Amino acid sequence: MGDYKLLDFQTLGDERGSLIALEENYNAPFEIKRVYYIFDTKDGVIRGYHAHIKLKQIAIAVKGSCTFVIDNGKSRDEITLDNPNTGLLIEGLIWREMKDFTPDCVLVVLASEHYDENDYIRDYQKFIDLVLKN
Ligand code: T46
C-alpha cells in the first residue's frame, strides 16, 4: 500500500535571508532523477487524478500554497503545503489530486525516476483493483 509523510527541512539562513538544501539519500530519501515545477495554475483547476506504480516524489510549495488530496484506496487525507520548509513525500500506490493553488504557487517536485507515462495509473477503478491485489 502507498504511504505519505511530511518532511521538515532545516532552514539555513543568516541576516541576508533563508536557504534550504535538498540532498539525495540524505534529507531527500531517494536518488533524485528528475525535478519539475508547477506554477501559474489557473483558478479552480484540479491537477493530478492519477497514481504511480513505482515513483517516489517529494512536493514542496516553495511559494504560495496548494492542497494535495492523498488517497490510499481506503481513506483520503488532505494536506495543505504552504511553506518551503515542508516536503510531502509520496511513495507507492497513492491516488493524488492537487487543488486550491494560490495564483503565486510554485510547487517544486523531486522525483525518483525519469518521466515515464507507463508508470501512471490514470483510471481510478484500475487503481482500486491494484490496491486490493497488493
Ligand atoms: C504528479 C503530480 C504531483 C512531462 O513531459 N515530463 C514530466 O516530468 C512531467 C511531470 C510531465 N510531463 C508532461 C505530461 C503532460 O503532457 O507535462 C504535462 C502535464 O503533466 P501532468 O498532466 O501529468 O501534470 P499533473 O500536474 O497532473 O501531475 C504532475 C506529475 O505528472 C505527477 O507525476 O505526481 O504532478
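How far does a polar side-chain atom of Arg 47 lie from an oxygen atom of the ligand? This tour of a predicted model begins with that residue and then moves outward through the structure.

**Stop 1: the ligand**

Select the ligand together with Arg 47. A polar atom in the side chain of Arg 47 lies 2.6 Å from a ligand oxygen atom. Next, add Arg 34, where an N or O atom of the side chain is 2.5 Å from an oxygen atom of the ligand. Then add Arg 96, for which the corresponding distance to a ligand oxygen is 3.1 Å. Taken alone, the ligand exposes 650 Å², and the protein buries 68% of that area. Display the remaining surroundings as well: there are 13 residues around the ligand, and those that come nearest are Arg 34, Arg 47, His 52, Gln 57 and Tyr 120.

**Stop 2: the loop between S11 and S12**

Keep Arg 34 and Tyr 120 visible and select Tyr 115. Tyr 115 is found in the loop between S11 and S12. Beyond its neighbours within four places in sequence, Tyr 115 is in contact with Arg 34 and Tyr 120, two residues that also appear in the list of those nearest the ligand. Is Tyr 115 buried or exposed? Tyr 115 counts as exposed, because its relative accessibility is 52% and the threshold is over 50%. Tyr 115 and Val 35 are 80 residues apart in sequence, yet their C-alpha atoms are 9.9 Å apart in space.

From Tyr 115, follow the side chain to Glu 117: the two side chains make a polar contact at 2.8 Å. Glu 117 lies in the loop between S11 and S12 and counts as partly exposed, at 37% relative accessibility. The side chain of Glu 117 also makes a polar contact with the side chain of Arg 122, at 2.8 Å. To see a wider span of the model, select Leu 6 as well: Glu 117 and Leu 6 are 111 residues apart in sequence and 26 Å apart in space, C-alpha to C-alpha.

Now select Ser 112, which lies in the loop between strand S11 (residues 106-111) and S12. Ser 112 is buried, with a relative accessible area of 7%. Which residues is Ser 112 in contact with, leaving aside its neighbours within four places in sequence? They are Phe 30, Glu 31, Lys 33, Lys 54, Leu 55 and Lys 56. With Lys 56 there is a further detail to display: the side chain of Ser 112 reaches the backbone nitrogen of Lys 56 at 2.9 Å.

**Stop 3: helix H1**

Select residues 124-133, which form helix H1. Start just before the helix, at Asp 123. This residue caps the N-terminal end of H1, with a side-chain oxygen 3.2 Å from the backbone nitrogen of Gln 125. Within the helix, colour Phe 127, Ile 128 and Val 131, which are buried. Why do they share one side of H1? They cover an arc of only 95 degrees around the axis, and therefore they lie on the same side of the helix. An α-helix has 3.6 residues a turn, so residues three or four places apart point the same way. On the other side of H1, Leu 132 and Lys 133 are exposed. To see what covers the buried residues of H1, display strands including S5 (47-52), S7 (66-71), S10 (95-99) and S12 (120-121).

**Stop 4: two cysteines**

Select Cys 66 and Cys 105. Cys 66 is buried, with a relative accessible area of 0%, and Cys 105 also counts as buried, at 1% relative accessibility. How many disulfides does a search of the whole structure find? The search finds zero. The sulfur of Cys 66 is 4.2 Å from the closest cysteine sulfur, that of Cys 105, and this is too far for a bond, because a disulfide requires sulfur atoms within 2.5 Å.

**Stop 5: two positive phi angles**

Most residues other than glycine have a negative phi. Select Tyr 49 for a contrasting case: Tyr 49 has a positive phi of about 60 degrees although it is not a glycine. Tyr 49 is located in strand S5 and counts as partly exposed, at 38% relative accessibility. Finally, select Asp 100, which lies in the loop between S10 and S11. Asp 100 is not a glycine either, and has a positive phi of about 55 degrees. Asp 100 is exposed, with a relative accessible area of 52%.

Conventions:
Residues numbered from 1 in each chain as written. Predicted model: local features only at pLDDT ≥ 70, side-chain atom pairs only at ≥ 80, totals over all residues. Heavy atoms only, no water. Buried < 20%, exposed > 50% of the residue type's maximum accessible area, 1.4 Å probe, protein only. Helix = DSSP H or I, 4+ residues; strand = E, 2+ residues; numbered from the N terminus. Arc of directions from axis to C-beta. Contact = heavy atoms within 4.5 Å. Polar contact = N/O pair within 3.5 Å; in protein donor to acceptor, adjacent residues only side chain to side chain. Near = heavy atom within 4 Å. Areas by Shrake-Rupley, 256 points an atom, 1.4 Å probe, with all protein chains shown as cover.
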